[in-house]
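Got the viewer open? Let's walk through this one selection at a time, starting with the big divisions and ending on single residue pairs.

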Amino acid sequence: MNFNVFSRLAIAAACAWITTSASAETVTISCGAVGSEFKLCQEGTAAWAAKTGHQVELVSTPNSSTERLSLYQQLLAAGSSDIDVFQIDVIWPGMLGQHLLDLTPYSKGQEAEHFASIVANNTVDGKLLAMPWFTDAGVLYYRKDLLEKYAQPVPDTWEDLTEIAAKVQQAERDAGNEQMWGYVWQGRAYEGLTCDALEWIYSYNGGTLVDASGEITINNPQAVQALDTARGWIGTISPEGVLSYGEEEARGVFQSGNSVFMRNWPYAWGLAQSEDSPVKDKVGVVALPKGGASGRPAGTLGGWQLAVSNYSAHPALAADLVMYLTSYEEQKRRAIEGSYNPTIEALYKDQDVLDAVPFFGSLYETFANGVPRPSSVTGDNYGRVSNAFFNSVHGVLSGTVEPQAAVEALETQLKRIRKRSW
Ligand code: GLC
């Protein structure tokens, strides 16, 4: 990945007299570009620039978290000062920590307003390495109108979903909608598949791949059953193409009206509800199904933080931008305009937010209790653990390996990565 491929966009400070003043500086931030992220980042940083008289330059990054990580690792390993503020994934503090500034002197205790579990996740060796920006959990989107039309319930288990998706897909195709699919999700070999597969496995009581004590747990019958269920979807209720879908590809199919169900993060709601969306007012959002009657619904914990690079030439200013962007008002604006989940608990009781995104209230438990990937316990090794996991799951979904053989091989591979300890 070459840094030159990245588009750069300078946001001018609002007041000309300030930009020409000797003290005006430029802070560079890398923010995501999935859905409406980039636009919201532009607006937020422009407001900070107008308020402070400084300038902000935005660097957009690849949508895939896996690709973004390798870009960041290259920049940080080289000690590059090109980017001051990094938008980092909830699974990265352990991997990037050595390159990030302790924000404690700048946060002035404001982290106490945010979910304690995320603050703990972002704190390594007593240092607050990143401020929480938005949280995520996988949720199920469904077409209200289609379930009503065919008198089908909202699915409670993956087995229900499989059956209902097949029924509605067939009925719609018979009615002339040849493009119709039952279920779209993230099946490409990248971090997104780790999230989806963790949900399936956990929902069948098959654990989290590596447990909180560092034990490798993936080789178990429930995990096999979960993978077996998911591979049955390929080519039946999910297009073959799902094997190369990320979040935005799944959203593209669902939002254009061509799928009954979709697994995605909450950001897809704001876009599904936009004025020009073909599915506006036809969508419901609930917790993901559970694995069989004895399973439990699971949404993988995702989300993004803002961190300041150790190599920044203006750390105090960069930290000021981070505190502004993660503040109550800015998180409120992002929740209302883009359905990005706040990390500040009080915003889940804010009526303006609940009016814009009703499921922030109804699914509060899903967001507060997202299933974490084993990134804290595997620390520096998490990248290799997740790569091994999504590649192995992708092999099962593509039909190149049987689920039982896959979990056995994965267990061996994870033991090799772990050696004596994580
Ligand atoms: C979302 C989540 C992030 C996760 C990624 C995977 O962006 O917030 O935590 O790693 O999806 O695709």
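Start by colouring two selections: domain 1 is 3-136 + 302-367, and domain 2 is 139-300 + 372-418. Those bounds come from an automatic or database domain assignment. Before going further, keep in mind that this is a predicted model, where local features need pLDDT of at least 70, side-chain atom pairs count only at pLDDT 80 or more, and totals for chains, interfaces and linings use all residues. Numbering runs from 1 along each chain as its sequence is written, and side-chain values use heavy atoms, with hydrogens and water left out.

**The domain contact**

Put a marker on each domain's C-alpha centre: the two lie 28 Å apart. Now select what touches (heavy atoms within 4.5 Å), and you should pick up 28 residues from domain 1 and 24 residues from domain 2. Together the domains bury about 2000 Å², 63% of it on carbon and sulfur atoms; that is the accessible area (1.4 Å probe) that two parts lose on being put together, summed over both. Show I91, M95 and F359 as sticks, since these supply 26% of the area domain 1 buries against domain 2, more than any other three residues.

**Across the boundary**

Next, charges. Two salt bridges run between domain 1 and domain 2, counting a side-chain nitrogen of Lys or Arg within 4 Å of a carboxyl oxygen of Asp or Glu. Zoom in on E67 and R188, a salt bridge whose closest N and O atoms are 2.9 Å apart.

Still on domain 1's touching side, highlight α3 (65-77), α4 (93-96), α16 (359-362) and α17 (364-368), the elements that give two or more residues to it. Helices here are DSSP runs (H or I, at least four residues), and strands are E runs of at least two, numbered from the N terminus. With three residues, α3 gives the most.

**Rings**

Switch to aromatics: there are 22 pairs, meaning rings of Phe, Tyr and Trp (its six-membered ring) with centres within 6.5 Å; planes under 30 degrees apart are stacked, over 60 edge-to-face, the rest tilted. Select W92 and W304: their ring centres are 5.3 Å apart and their planes at 85°, so this pair is edge-to-face. W92 sits in the loop between β4 (85-89) and α4, while W304 is in strand β12 (residues 301-308), 212 residues apart.

**Last stop**

The salt bridge count comes to 20. Which residue does E172 pair with? Select K149: the closest N and O atoms are 2.8 Å apart. E172 lies in helix α8 (residues 158-174) and K149 in helix α7 (residues 144-149), so the pair ties together parts 23 residues apart in sequence.
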